[in-house]
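Student: I would like a close look at one part of this protein. Please keep the steps short.

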Amino acid sequence: MGVRRLLDDCCGAAKRLMPLDEALAVIDRDLVAVTDVEAAPLWAALGRVLARDVVSAVDLPPATNSAMDGYALAAADVAGPDGGETVLPVTGRQAAGRPLEGEARPGAAVRIFTGAPMPAGCDAVVMQEEVTLQADGRVVIPPGVKPGRNVRRAGEDVAAGAVVLRAGTRLRPQDIAMAAAAGCAGRPVSRPLRVALFSTGDELHEPGTPLPAGGIYDSNRHALRAMLAGLPVTVTDLGRLMDDPAAVRRALEAAALDHDVVMTTGGVSVGEEDHVRQAVEAQGAITFWRLNIKPGKPVALGRVGETVFLGLPGNPVATAVTFLLVARPILLRLAGAADIRLRRFQVPAGFSYVKKEGRREFIRVRLETRPDGSTLARLDRGQGSHMISSLVDSHALAELAEDSPGVTEGESLTIIPFPDTMAG
């Protein structure tokens, strides 16, 4: 299995701070899909990963047709650009999905509607707004009509037999539309990845319950469930694990039996109460558990038996950042997706910021539309990894390289916009 190769080959990396690019390269190179293939109707395929190419059964459009409501005619029957108007009789009516009423003949026009097939002998459509309909039923056509005007040619979008969607595509609404237009009633897709989710820590309590002294409400598990909702996964929420080494080990072992991935938040750092990493090592292996990033250094990839283990940090911002940067691409690759990287864009900075060199840093920013229509990044208040409000108020992460001393106002920033629900 690709997972075992990944984890067994990289055990030495667990003792150092791994650069993010190295971790992503390992994921990209060595992780393979672990899910089976199943058939799904189009209405149920949204967000799923396509397991086979989609080949169009038809030309798109299937027939040459009108792009407008108007009048179909032969361009040769209309005066040139230097001539005057042309008056043509209307001898037929062509609607979409219906046979031609009347006939098309040289020197005449046919009333036509959007999507209707072009009548034989007609090679142009003049929009109804551009013509004058006379009382006797004839139509006045302006000069200068050229062949192909307002005409959609058969197959100009897609030719029959062409691959319209590639295996590994995570299906979006527009992909569903393409599959349907190509004549596909349903497609083989990867089975959703089965993810077991835990939070860890004696201090955690469920929202809505009384909060004792020293306690905090468990926000990370609920945030991760929301972020996972946008991915091709099914989630088993196994609640929280207390800070008990034996209990943690038993829970991880049991979850690994019938899941593809076990994901935790908290418990993978170096404190005396961080028991998750030790439990994973006792039953499998750790690939890495420290990345050279801020926030989010204590993020772990490993295995419990043959099941992939993902351990995210306990601080809320670090949890969200490492989910986007690390967990998301891992889950997408295991689910069979070909494109697993986040999009990055360049946006000028509307602020200055000083950072320590040595670690890649991700700061939260708001994206502001200026009067001229351009976009400017503004620094969000509070950059602490515990400050959930900074996630609520921001739109994106700004990525600062390891050797960067910070940001100067007006400098071009690399921006990673938050996907919808931080998972799309």
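Student: In which sense do β5 and strand β11 pair, and over how many bridges?

Tutor: Bear in mind that this is a predicted model. β5 and strand β11 pair in the antiparallel sense. Three bridges join them. Strand β11 covers residues 139-141. Take one bridge as an example: T86 has I141 in β11 as its bridge partner.

Now widen the view to the sheet. It is open and has three strands. Their order is β5-β11-β10, and the pairing is antiparallel. β5 (86-88) and β10 (132-133) stand at the edges. Each of these two has a single partner strand, so one side of each is left without a neighbour in the sheet.

Next, turn to salt bridges. R138 forms one with D136. Their closest N and O atoms are 3.0 Å apart. How open is R138? R138 counts as partly exposed, because its relative accessibility is 35% and the partly exposed class runs between 20% and 50%.

Other pairs can be read in the same way. The side chains of D237 and R221 meet in a salt bridge, at 2.6 Å from N to O. D237 lies in strand β18 (residues 233-241), while R221 lies in helix α4 (residues 220-228). The pair therefore ties together parts that are 16 residues apart in sequence. D237 is partly exposed, with a relative accessible area of 28%. R221 is buried, because its relative accessible area is 6% and buried means under 20%.

Some salt bridges share partners. Through such sharing, D21, R344, R360, E399 and E402 are joined into one network.

Look at one more pair, D28 and R333. Their side chains meet in a salt bridge, at 3.2 Å from N to O. This pair links distant parts of the chain. D28 sits in helix α2 (residues 20-30) and R333 in helix α7 (residues 316-334). The two residues are 305 residues apart. D28 is partly exposed, at 39% relative accessible area. R333 is buried, at 11%.

Finally, the total. A search of the whole structure finds 22 salt bridges. Those described here include R138 with D136, D237 with R221, and D28 with R333.

How values were computed. Residues numbered from 1 in each chain as written. Predicted model: local features only at pLDDT ≥ 70, side-chain atom pairs only at ≥ 80, totals over all residues. Heavy atoms only, no water. Salt bridge = Lys/Arg side-chain N within 4 Å of Asp/Glu carboxyl O. Helix = DSSP H or I, 4+ residues; strand = E, 2+ residues; numbered from the N terminus. Buried < 20%, exposed > 50% of the residue type's maximum accessible area, 1.4 Å probe, protein only. Pairing = 2+ DSSP bridges.
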